[in-house]
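Welcome, and please open your viewer. Could you get ready to select residues by number as we go along?

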Amino acid sequence: MHHRVTEPQGKLDFRFFIFSVSLWSRCLEPFMPITQSREIAAASRLENVRYAIRDLACIADEVIKQGHKVLPLNVGDPNIFDFKTPAHLVEAVYKAMRDGKNGYAPSSGIKDALDAIRGEAARKGISTVLDAFVTTGVSETVDLCLTALLNPGDDLLTPCPDYPLYSAVLAKLGIELNTYYLNEEDGWQPDLDDIRRKITPRTRGIVLINPNNPTGSVCSRTMLQQIADLARQHNLVIFADEIYDKLILEDDEHIAMASVAPDVPVITFGGLSKNYLAPGWRIGWGIVSGDAAVVKQYDDGIQRLLRSRLCANHPEQYAIGPALEGPQDHLIEVRKKLRSRRDLTVQWCNSTPRVSCVSPRGAFYAYPRIDIPEGDDVFVKELILQKHVMVVHGSGFGQKPGTKHFRIVFLPDEKTLSQAYRAIGEFISSRYR
């Protein structure tokens, strides 16, 4: 005979109590505060993302909090100085907003804008235009076009020095830098021998910033033809960043890369920010040219990305036609101001001990070389702290080993520039006696 073993009543009551508490706590879980157990780290590939132009702002902010006024020679924004967006462009955008053009635009851009961009390409001698599209500034054009081209393990030739956006986008994509030097002794023209050495079986394209930021150099036709020959030999896409093409400070005209190489795959970058003094509108564009059979798949990839982000700013696109096809009078005054300020800048550089500068031929940047015993990053930080003048360190753009530079934006009026240069001269004299 089997006897049933029973547990004491107290033990059963205790177990029921524990079960009840456990069940009740589970019911309360959605209402109980949850403490994050560990820090969320950013993606490791972002460790190499730098943007020297804006990264200095935190230092300047501290100086401003102390009650000092900072002279900004670091950001290429004409509108914070004595330059204004042309009135007919403002009116075009205002009218578009009044007329209800405030919803989504087509992913590639509105027809009037695309027709104007194609017309501008024709005026620049680009005869094999296959596609055009509007973006949220040239920054997005660069991001989209590099993303659509590059796979893990590929590389892209970028100039050294260059605009920091390119290295930032490549870092975001996990692509290692492959830079070619610009030759300071040759007016900052691309070093063709260095380009040849840097081309690998995984090289997919080459970036050409012309006019160049940060040096202000402008490529000759011969140089463009030689780069086009290298692209043909190695099946490369050329990214022609020509955002400053109407800001040539000499008497000669700007030459579009795609006009020199109609058969080569070229993506030409342009926009309203610099030539048309509207950087805050964030309107840029890309022009695809070359052999249609060669670039079709790549262009399809760009279009896929354009669709995925919906569209660029809509009302501002209505300024593209008036900008490219309307009055260009403002450019006469802009170039006149920039020539005078360029000349003042170069004269100061080349008459100041420890400083020398190749005269810029386009855009509104100078890239002086400086002979100092410490890093150019230390130089610019101390200059902000002690003299309240902001320039950008050359190492933020790239430079040949053993050289040191800093970038000047010479957009301010002559009085402001003279004040800034006097302060920099005093700083150099006292720090590097």
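This tour goes from the whole chain to a helix, a core, a cavity and a few unusual backbone spots.

**The whole chain**

Start with everything shown as a cartoon, and keep in mind that this is a predicted model. The protein chain has 15 helices and 15 strands. Of its 433 residues, 52% count as buried. Now think about who touches whom: among contacts between residues at least 6 apart in sequence, 76% join residues at least 24 apart.

**Helix H4**

Next, select residues 87-98, which make up helix H4. Its 12 residues reach 16 Å from the first C-alpha to the last, close to the 16 Å expected at 1.5 Å a residue. Color Leu89, Ala92, Val93 and Ala96, the buried residues of H4. Turn the view until you look down the axis of H4: these buried residues fall within an arc of 90 degrees, so they line one face of the helix. A general rule helps here: an α-helix has 3.6 residues a turn, so residues three or four places apart point the same way.

What do the buried residues of H4 pack against? Add residues 320-325 to your selection, and you will see helix H12, their packing partner. Before leaving, step just past H4 to glycine 100, whose phi is positive, near 85 degrees.

**The nonpolar core**

Now show side chains for Phe239, Met257, Leu272, Ile320 and Phe379. These are the residues with the most contacts inside the largest nonpolar core, which has 128 residues. Select 414-431 as well: this is helix H15, and it gives the core its largest share, seven residues. In general, nonpolar side chains in soluble globular proteins tend to be buried together.

Zoom in on methionine 257. Leaving aside neighbours within four places in sequence, methionine 257 is in contact with Leu208, Leu224, Ile227, Ala228, Ile238, Ala240, Glu242 and Val266.

**The cavities**

How many cavities of 30 Å³ or more does the structure hold? There are two, and the largest has about 120 Å³ of space. To find the largest cavity, select Glu120, Lys124, Asp245, Gly270 and Trp285, which lie nearest its centre among the 15 residues of its lining. Then add strand S8 (266-271) and strand S9 (284-289), each of which supplies at least two lining residues. The largest share of the lining, four residues, comes from S8.

**Unusual backbone spots**

For the last stops, switch to a backbone view. As background, most residues other than glycine have a negative phi, and most peptide bonds are trans.

- Select cysteine 160 and proline 161, joined by a cis peptide bond with omega about 5 degrees. Proline 161 sits in the loop between strand S3 (155-160) and helix H7 (164-173).
- Move to asparagine 210 and proline 211, where another cis peptide bond has omega about 0 degrees. Proline 211 is in the loop between strand S6 (203-209) and helix H9 (221-234).
- Pick leucine 277, in the loop between S8 and S9. Its phi is positive, near 55 degrees.
- Finish at leucine 310, in the loop between helix H11 (292-308) and H12. The phi of leucine 310 is also positive, near 70 degrees.

Are these two leucines buried or exposed? Leucine 277 is buried, with a relative accessible area of 3%, while leucine 310 is partly exposed, at 43%.

Notes:
Residues are numbered from 1 along each chain as its sequence is written. This is a predicted model: local features need pLDDT of at least 70, side-chain atom pairs count only at pLDDT 80 or more; totals for chains, interfaces and linings use all residues. Side-chain values use heavy atoms; hydrogens and water are left out. The expected span of a helix is 1.5 Å times one less than its number of residues. Buried means under 20% relative accessible area, exposed over 50%, partly exposed in between (1.4 Å probe, protein chains only). The arc is that of the directions from the helix axis to the C-beta atoms. Contact means heavy atoms within 4.5 Å. A nonpolar core is a set of buried Ala, Val, Leu, Ile, Met, Phe, Trp, Tyr and Cys residues joined through side-chain atoms within 4.5 Å. On a 1 Å grid over the protein atoms alone, a cavity is a set of points where a 1.4 Å probe fits but cannot get out, and a pocket is an open set with protein on both sides within 12 Å along at least five of seven lines; lining residues have an atom within 4 Å of a point. Grid points are joined across faces, edges and corners, and a volume is the space filled by probe spheres set on the points.
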